[in-house]
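Open the model in your viewer and show the side chains as sticks. This tour goes from one pair of charged side chains to the next.

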Amino acid sequence: MSRTSDDGETASTADAASERADYGTLYVVGIGPGLPHDMTQRAGEVIRRADTVIASNLYQEFLRKDGTLPPESAAVEGVADDGEIADEEGAVLERPDGTRQTLVRSSMGKQVELAREAFERVRAGEDVAHVSGGDPNVYGKSDLLFTMADAEGAADVPIEIVPGVTAALSSAANLGAPLSNDFCTISLSDKWRGWDEIEEKLRAAAVSGFVVVLYNCWRDYERAVAVLREERADDAPAAIVNDAGRGAAGRNLDDETETITTLGELPEHSEEVGGMGSSIVVGTHETDVWENDYREFLVTPRGGRDVEDF
């Protein structure tokens, strides 16, 4: 006896639900600056228990420091992962409890292939941790995975974002309290947009009175500073932060450093702007340089509040 179309739809839905019950989850994990002490407990737990971890060589090194990832010596000799991911053969590692985890190197130019493979592994029942520096939603990898899921018809793949500490916040912590009032972040990367759009946002942020945090400062940072100087006074406090939260594990200049200066004097500190780990914070007319018995700090009071306002 044939079933009605409603019954057929119900059966089809039930079959799909049963199949997806065996799926894993794709976690896009923000690990903050990278070192374990600045990573959330949730991020560490997800990475430790994942069946497959996708991470760059640098982040792999960071995650091994406290055992979040097994050491390189845990690689199972003579055993390779069944799948080849973006031309990268996954290393099979054995955890202390005897369970195994696949570790795959993430690299620029292979993110599309890595995303496709991650979808297939989730469908096969694996939990996959796709590691992103900082926070996945702040110039990280979350938009890539959602865009790829849409393009690849992967609406069936469960995706969860695990937040992390972005460079703006780790830099601010090193500087004191520069972001206690309204602020914005602007990336200077022109890979997907033209300089005209970047300049428009810089001007709007400066005119609107936002504290501005610049990302990707190795790209035209002098040009960005010149735009900000047209709209904001040269004596506005500013700072250059390298490898915030990374200590001696930094990869830029002299590991983790902070330089407090002014907007007008930023061009004189070009040698202190390193690579991808550099951020620049530009304060407003309300931002002060405050000094205690130990060092200088940047402080931007919220709405110009005074002690009596508390």
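Select Glu199 and Arg203: in this predicted model, their side chains meet in a salt bridge, 2.9 Å from N to O. Both residues are in helix α7 (residues 195-207), and because they are four residues apart there, about one helical turn separates them. Glu199 has a relative accessible area of 22% and is partly exposed. Arg203 is also partly exposed, at 23% relative accessibility. Now add Glu230 and Glu231 to the selection: salt bridges that share partners join these two with Glu199 and Arg203 into one network.

Next, go to helix α4 and select Arg121 and Glu117. They form a salt bridge whose closest N and O atoms are 3.1 Å apart. Here too the two residues are four apart in the helix, so they are separated by about one helical turn. Is Arg121 buried or exposed? Arg121 is buried, because its relative accessible area is 6% and the cut-off for buried is under 20%. Glu117, at 21% relative accessibility, counts as partly exposed.

Stay on helix α4 (residues 111-123) and select Arg116, then add Glu152 from the loop between α5 (142-151) and β7 (159-162). This pair forms a salt bridge as well, with the closest N and O atoms 3.1 Å apart. The pair ties together parts that are 36 residues apart in sequence, because Glu152 lies in that loop and Arg116 in the helix. Glu152 is partly exposed at 34% relative accessibility, and Arg116 is partly exposed at 41%.

To go further, look for other salt bridges: a search of the whole structure finds 15.

Definitions and conventions
Residues are numbered from 1 along each chain as its sequence is written. This is a predicted model: local features need pLDDT of at least 70, side-chain atom pairs count only at pLDDT 80 or more; totals for chains, interfaces and linings use all residues. Side-chain values use heavy atoms; hydrogens and water are left out. A salt bridge is a side-chain nitrogen of Lys or Arg within 4 Å of a carboxyl oxygen of Asp or Glu. Buried means under 20% relative accessible area, exposed over 50%, partly exposed in between (1.4 Å probe, protein chains only).
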